[in-house]
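Work through the exercises below with the sequence and the structure at hand. Try each task before you read its solution.

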Amino acid sequence: MNEVRIRIQQNLLHDKRDNDYTRLRNASRLLTTAQRNQSHYWARRYKTTKERLAYVLSLSPDLVTAYDALQEFYLILDEKEFLLQRLSLTEWLKTYGSCEIEEVHSAANAVKHHRGYIQNSLKYHKSNSTAEGRNRAIKEIKRNSYGQHSFENFRPQKAI
């Protein structure tokens, strides 16, 4: 989605359409928010947000296709039953795997390539986020210890 948005922004900037460029740039977060969360996330300004979204999507049909692909993928993730998720994912891949928009086609191919892993995460509701978080913490400790001559000198500073 963001790659499509950036490509269209660059075209708008090249065409000297600064107002549309700014509107599209400011709507980047809105475009990537799941539709189910838009009313909650943008609560007070929901009507104007819908108008902003409609205006931004009217700038390019590529943007509409990318937005629809992302929203459909969010719906697949929200589905409670695994079999329905699997069927929906298959349909999504059929629809967007042959898409003419390079960025959407590339995303569909990436999903197709990693489909087994994606389906496992949907089926078992497991992720490697805990391990990734610990790795990040270890790397941060290493980065902060730069310049220390030994671990014994570093330990009192950080209270490991």
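**Exercise 1.** Locate S60 and decide whether S60 is buried or exposed.

*Solution.* The model is a predicted one.
Step 1: S60 belongs to the loop between α5 and α6.
Step 2: The relative accessibility of S60 is 10%. The cut-off for buried is under 20%, so S60 counts as buried.
Step 3: Look for a residue distant in sequence. I8 is 52 residues away from S60 along the chain, yet their C-alpha atoms are 7.6 Å apart in space.

**Exercise 2.** Find what S60 does at the N-terminal end of α6, then describe the helix itself.

*Solution.*
Step 1: A side-chain oxygen of S60 lies 3.2 Å from the backbone nitrogen of D62, and in this way S60 caps the N-terminal end of α6.
Step 2: Helix α6 covers residues 61–78, which is 18 residues. From first C-alpha to last it reaches 26 Å, close to the 26 Å expected at 1.5 Å a residue.
Step 3: The buried residues of α6 are L63, A66, Y67, A69, Q71, F73 and I76.

**Exercise 3.** State how many residues the largest nonpolar core has, and which helix gives the most to this core.

*Solution.*
Step 1: The largest nonpolar core has 30 residues. Those with the most contacts inside it are L24, L31, L63, L89, W92, V104 and V111.
Step 2: Several helices supply at least two residues each, among them α1 (2–14), α5 (46–57), α7 (82–97) and α8 (102–113).
Step 3: The greatest contribution comes from α6, with six residues.

**Exercise 4.** Describe the surroundings of W92 and its pairing with Y96.

*Solution.*
Step 1: Leaving out residues up to four places away in sequence, W92 touches A69, E72, F73, I76, G97, A108 and V111.
Step 2: W92 has a relative accessibility of 5% and so counts as buried. Y96 is buried as well, with a relative accessible area of 6%.
Step 3: Both residues lie in helix α7, four residues apart, which is about one turn of the helix.
Step 4: Two aromatic pairs are found in the whole structure. In the pair of W92 and Y96, the ring centres are 5.5 Å apart and the planes are at 50 degrees, so the pair is tilted.
Step 5: Ring pairs also bring in F73, giving a cluster of F73, W92 and Y96.

**Exercise 5.** Compare the exposure of Q9 and T22, and find how far apart they are in space.

*Solution.*
Step 1: Q9 is in helix α1, while T22 is in helix α2.
Step 2: At 6% relative accessibility Q9 counts as buried, whereas T22, at 29%, counts as partly exposed.
Step 3: The two residues are 13 apart in sequence, and their C-alpha atoms are 8.4 Å apart in space.
Step 4: The side chain of Q9 is joined to that of R5 by a polar contact of 2.3 Å. Not counting residues up to four places away in sequence, Q9 touches Y21, L24 and R25.

**Exercise 6.** Which ring does the charged end of R23 sit over?

*Solution.* The ring belongs to Y55, and the charged end of R23 is 4.2 Å from its centre.

Methods:
Residues are numbered from 1 along each chain as its sequence is written. This is a predicted model: local features need pLDDT of at least 70, side-chain atom pairs count only at pLDDT 80 or more; totals for chains, interfaces and linings use all residues. Side-chain values use heavy atoms; hydrogens and water are left out. The expected span of a helix is 1.5 Å times one less than its number of residues. Buried means under 20% relative accessible area, exposed over 50%, partly exposed in between (1.4 Å probe, protein chains only). A polar contact is a pair of N or O atoms within 3.5 Å; within protein, one must be able to donate a hydrogen and the other to accept it, and residues adjacent in sequence count only if both atoms are side-chain atoms. A nonpolar core is a set of buried Ala, Val, Leu, Ile, Met, Phe, Trp, Tyr and Cys residues joined through side-chain atoms within 4.5 Å. Contact means heavy atoms within 4.5 Å. Rings of Phe, Tyr and Trp (its six-membered ring) pair if their centres lie within 6.5 Å; planes under 30 degrees apart count as stacked, over 60 as edge-to-face and the rest as tilted. A charge sits over a ring if NZ of Lys or CZ of Arg is within 6 Å of the ring centre and within 35 degrees of the ring normal.
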